[in-house]
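Hi,

Here is the structure I promised to pass on to you. Please open it first, and then read my notes underneath.

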Amino acid sequence: MIIVMEPTASEDQIQKVAKKLESLDFKIVFNRGEVMTVLAAIGDKRLVDPASLASMEGVREVKLIQEPFKLSGRESKAEDTVIDLGNGTKIGGKEPSVVIAGPCSVERNFEGLLKVAQAAKEAGAKVLRGGAFKPRTSPYDFQGMEEEGLKYLAKARQKTGLLIATEVMDTPEIELVAGYADILQVGARNMQNYKLLKALGKVKKPVILKRGPSASIREFLLASEYIIYAGNPNVILCERGVKGFDSHYTRNILDIASIAVIKKYSHLPVIVDPSHATGRRYLIEPMSKASMAAGAHGLMIEVHHDPENASSDGAQSLTVDQFKELMIDLNRLSKLLGEGSRKN
Ligand code: PEP
Ligand code: MN
């Protein structure tokens, strides 16, 4: 930790700061410049609140040297985390990109779900997505089929061999959802539901953590820290766009740079959801390609058997045929980028 003192700080004020830190077992190195004094404090940062330190008389600024996310950061683990999703599918590091595809919501039409699942499987997707518990902006919108939807997903898994990813919205539902799903999803709205994150730390299954609509990358990584700290290291980060000022053409702003930033500071796999990021069907193809080119470890794409009549997010869902075409293109792109050559 670096403490920059004001040029006007008195010797008394400097000593007060130093003594406070020494009392907490920090070792202090004084750097006395012509204009101001800078203290380097070496010790356990958890013992002091940087904000209270910054509020002491004569202190200009307190800077933290290490990243606050200890377990999800590369400072504690340099090598990439590779997560075994089951059925021989791995995600992270230099593993081939994993595509997760399926409708926004599981609907009361099993044949439709199966059609999507079979096409996804044939095209090379490894995971079927679909919400059974739906976080909707309006309470009057379709809220999901709940356990019945989970049963549909399990049946589709049995028929196709695809893995299943689905959202868990609340702590009391974890056991139920984990009883059916291979991968649990935390929705964007729940990224900072710390009780839910802590509870997911007790689960052994991989967790897809979606970035909150207005969360900074640091807040995103700190949210993943909660799950890991509570005991579950199998966290997949999902960039799904953040709120911007222009929602006329895109639902959110897809933060492509976050992929490279996350890979620089964290060892966790990072995937992109171009569907929620853009809200527009025609943008899925270019944004999927951009995400792969930027180094994403996978994609989560909404696909519906009949998007025009979908219960939710039809406008951003690909048709089955569009998805198949996209997968052909993505396979070409991954060859071009060089399978297994993804950079950290
Ligand atoms: C979803 O993936 O079904 C979803 C609701 O997305 P988000 O949480 O990113 O809005
Ligand atoms: Mn959706």
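**What I found around ligand 1**

An oxygen atom of ligand 1 sits 2.8 Å from an N or O atom in the side chain of Arg129. Please keep in mind that this is a predicted model. Lys134 also makes a polar contact, with a polar side-chain atom 3.0 Å from an oxygen atom of ligand 1. Ala188 takes part through its backbone, where a polar atom is 2.7 Å from an oxygen atom of ligand 1. On its own, ligand 1 would expose 290 Å², and the protein buries 97% of that.

The full set of residues surrounding ligand 1 is Arg129, Lys134, Glu167, Gln185, Gly187, Ala188, Arg189, Lys210, Arg240 and His276. Sorted by class, this shell holds six charged, three polar and one nonpolar residue.

**The manganese ion**

His276 appears again here, as its NE2 atom is one of the protein donors of the manganese ion (ligand 2). The other donors are Cys104 (SG), Glu302 (OE) and Asp313 (OD), and the donors lie 2.0 to 2.3 Å from the ion. If you want to look for the pattern in the sequence, the spacing of the donors along the chain is C-x171-H-x25-E-x10-D. Cys104 belongs to the loop between β7 (98-102) and α3 (110-123), while Glu302 is in strand β14 (residues 298-302), so this pair ties together parts that are 198 residues apart in sequence.

Are Cys104 and Glu302 buried or exposed? Cys104 has a relative accessibility of 3%, so it counts as buried. Glu302 is buried too, with a relative accessible area of 1%.

**The chain as a whole**

The protein chain has 344 residues, of which 51% count as buried. Its secondary structure comes to 11 helices and 14 strands. The C-alpha trace spans about 75 × 45 × 40 Å along its principal axes. The domain assignment gives domain 1 (2-63) and domain 2 (83-343), and the centres of these two domains, taken over C-alpha atoms, are 44 Å apart.

**A few residues to look at**

- Asn190 is placed in the loop between β10 (183-186) and α6 (194-200). A polar atom of the Asn190 side chain lies 2.9 Å from the backbone oxygen of Met169. With a relative accessibility of 13%, Asn190 counts as buried.
- Leu128 is part of strand β8 (residues 127-129). Its relative accessibility is 0%, so Leu128 counts as buried. From C-alpha to C-alpha, Leu128 and Leu113 are 9.4 Å apart in space, and they are 15 residues apart in sequence.

**Backbone angles to check**

Most residues other than glycine have a negative phi. Which residue in the loop between β5 (83-86) and β6 (89-91) is worth a look here? That residue is Asn87, with a positive phi near 55 degrees. Asn87 counts as exposed, at 57% relative accessibility.

Glu146 also has a positive phi, of about 55 degrees, although it is not a glycine. Glu146 is found in the loop between β8 and α4 (147-160). At 42% relative accessibility, Glu146 counts as partly exposed.

Happy to talk any of this through with you.

Best wishes

How values were computed
Residues are numbered from 1 along each chain as its sequence is written. Chains are lettered from A and ligands numbered from 1 in the order in which they are written. This is a predicted model: local features need pLDDT of at least 70, side-chain atom pairs count only at pLDDT 80 or more; totals for chains, interfaces and linings use all residues. Side-chain values use heavy atoms; hydrogens and water are left out. A residue is near a molecule or strand if one of its heavy atoms lies within 4 Å of it. A polar contact is a pair of N or O atoms within 3.5 Å; within protein, one must be able to donate a hydrogen and the other to accept it, and residues adjacent in sequence count only if both atoms are side-chain atoms. Accessible areas come from the Shrake-Rupley method with a 1.4 Å probe; for residues, only the protein chains shown count as cover. Ala, Val, Leu, Ile, Met, Phe, Trp, Tyr, Cys and Pro count as nonpolar, Asp, Glu, Lys and Arg as charged, and the others, Gly among them, as polar. Donors are N, O and S atoms within 2.8 Å of the metal (3.2 Å for Na, K and Ca); water is not among the atoms, so sites may look incomplete. Helices (H or I, at least four residues) and strands (E, at least two) are DSSP runs, numbered from the N terminus. Buried means under 20% relative accessible area, exposed over 50%, partly exposed in between (1.4 Å probe, protein chains only). Domain bounds come from an automatic or database domain assignment.
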